[in-house]
Amino acid sequence: MRARELGRKSVVVGDRVSLVGDVSGADGALARIVRIVERRSVLRRTADDDENTAEGRHERVVVANADQLVIVSALADPPPRTGFIDRCLVAAYDAGIEPLLCLTKADLAGPDQVVGYYAELELPYVLVRPDSDLDALRTLLAGRVSVLVGHSGVGKSTLVNRLVPDALRTVGVVSAIGRGRHTSTSAVALRLPRTPDADGDPGWIVDTPGVRSFGLAHVSAESLLHGFPDLVEGTVDCPPNCPHTPDEADCALDAWVATGKADERRLASYRRLLASRSGDADPREPERNPGDPLAGS
Ligand SMILES: Nc1nc2c(ncn2[C@@H]2O[C@H](COP(=O)(O)OP(=O)(O)O)[C@@H](O)[C@H]2O)c(=O)[nH]1
Ligand SMILES: [Mg+2]
């Protein structure tokens, strides 16, 4: 239980805490959380993008002390949404944790389209198919705390069950619109099992079934840009306090993509996120970029 002196400060998954009381771990043992150790990283989200709404102002910490954000995206069924991935990259940068793209259902479609979109970034990725061994992924997870995020239906629970056979995460059914069934909502940390051929700490994964996406109302425009490292250098020639919006005639980003320094779809995606934060984006499909399979359909 939480000590009264912690007040309303909440303990989240990943927190390191000090305990007082019976720390034997035996059935019925009672200990009190008296201190939350300073967090090394904080992954946050707001319910909405717009900080002018009540939802947008409601910011919460999802996971503390994570090292890596594993963005799980299917290559098909449901199709990948680069808008969602871009949004996760911003959240990872804001949290100070490293992104890893995990592309599932590689048996159904190839990765070229998605990987090509991120060609200018040093974004590590792994491919997962039902019959693939998970060695490459396990290596990237070893020794760290990794948070898994992804839309439902992408195969996240299937993956967690393969990584941690005791986890017993419920595997859902992908319906026609590509959404699986939601069965639980709170984040849970799972210790990865030791493998015979690897020594050292296999790491932890944190499954976040309730997190469908990251609202970014708490992220400043400047931090938002850092989720797009391929665009950062392009802003050097912008006028002071350039908002980087499409109607800003002197924004240097248009020339940056026109001369091939970055993919124009990335600039469009950045501007869509900027717009969603000020509340004037199309709210229907905020995570779909033109060029994504099924975009606009
Ligand atoms: N073809 C294919 N199907 C997969 C793969 N991984 C998961 N699935 C299927 O996708 C559906 C949704 O999986 P689930 O793990 O519940 O997704 P979650 O909602 O992200 O947790 C299930 O029918 C899985 O059997 C994969 O690599 N390839
Ligand atoms: Mg699931």
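In this predicted model, D15 and R39 are joined by a salt bridge whose closest N and O atoms lie 2.8 Å apart. D15 belongs to the segment before β1 (17-21), while R39 sits in the loop between β2 (31-36) and β3 (42-46), so the bridge ties together parts of the chain that are 24 residues apart in sequence. The two partners can also be compared by how much of each can be reached from outside. D15 has a relative accessible area of 13% and is buried, because the limit for that label is under 20%. R39, at 26% relative accessibility, counts as partly exposed. The general idea behind such a pairing is a simple one: side chains of opposite charge can pair when their charged atoms come close.

How many salt bridges does the structure hold? The count is seven, and two further examples help to show how they connect the chain. D230 and R266 meet through their side chains in a salt bridge, with 2.8 Å from N to O. This pair links distant parts of the chain, as D230 is in helix α7 (residues 229-232) and R266 is in helix α9 (residues 264-277), 36 residues apart. Both D230 and R266 are buried. Another salt bridge brings together the side chains of R271 and D254, at 3.0 Å from N to O. Here too distant parts of the chain are linked: R271 is in helix α9 and D254 in helix α8 (residues 253-258), with their positions 17 residues apart in the numbering. Through shared partners, salt bridges also join D86, D230 and R266 into one network. Returning to the R271 and D254 pair, R271 is buried, with a relative accessible area of 10%, whereas D254 is partly exposed at 32%.

Helix α9 has now appeared twice, and its own geometry is worth a look. With 14 residues at 1.5 Å a residue, α9 should span 20 Å, and its end C-alpha atoms are indeed 20 Å apart, which agrees. Is α9 enclosed or open to the outside? Ten of its 14 residues are buried, so the helix is largely enclosed by the rest of the structure. The buried residues of α9 include R266 and R271, the two salt-bridge partners described above, along with others such as L267, Y270, L273 and L274. Which elements do the buried residues of α9 pack against? They pack against α2 (82-95), α3 (112-117), α6, α7 and α8.

One of these neighbouring elements, helix α6 (residues 221-226), contains S223. S223 is buried, with a relative accessible area of 19%; this value falls under the 20% limit, which means that the label applies. Leaving aside neighbours within four places in sequence, S223 is in contact with V90 and Y93.

Aromatic rings add another kind of pairing. In general, a pair of aromatic rings is described by the distance of the centres and the angle of the planes. The structure has two aromatic pairs. One of them is formed by Y117 and Y118, with 4.7 Å from centre to centre and 90° between the planes, an edge-to-face arrangement. Y117 is buried, at a relative accessible area of 3%, and Y118 is buried as well, at 4%.

Just along the chain, A119 lies in the loop between α3 and β7 (125-127). Is A119 buried or exposed? With 56% relative accessibility, A119 counts as exposed. The C-alpha atoms of A119 and D263 are separated by 8.9 Å, although these residues are 144 residues apart along the chain.

The surface also has a nonpolar patch, formed by V11, V17, L19 and V23, with about 300 Å² of accessible area together. Within this patch, V23 lies in the loop between β1 and β2. V23 is exposed, with a relative accessible area of 57%.

Finally, the chain can be viewed as a whole. It contains nine helices and ten strands. Of its 297 residues, 45% count as buried. Among the contacts with a separation of 6 or more, 65% are between residues 24 or more positions apart. The chain exposes about 15600 Å², and carbon and sulfur atoms supply 50% of that area.

How values were computed. Residues numbered from 1 in each chain as written. Chains lettered and ligands numbered in written order. Predicted model: local features only at pLDDT ≥ 70, side-chain atom pairs only at ≥ 80, totals over all residues. Heavy atoms only, no water. Phe/Tyr/Trp six-rings, centres within 6.5 Å; stacked < 30°, edge-to-face > 60°. Buried < 20%, exposed > 50% of the residue type's maximum accessible area, 1.4 Å probe, protein only. Salt bridge = Lys/Arg side-chain N within 4 Å of Asp/Glu carboxyl O. Helix = DSSP H or I, 4+ residues; strand = E, 2+ residues; numbered from the N terminus. Contact = heavy atoms within 4.5 Å. Expected span 1.5 Å × (residues − 1). Patch = residues over 30% accessible without salt bridge, like charges linked within 9 Å, V, L, I, M, F, W, Y side chains within 5 Å. Areas by Shrake-Rupley, 256 points an atom, 1.4 Å probe, with all protein chains shown as cover.
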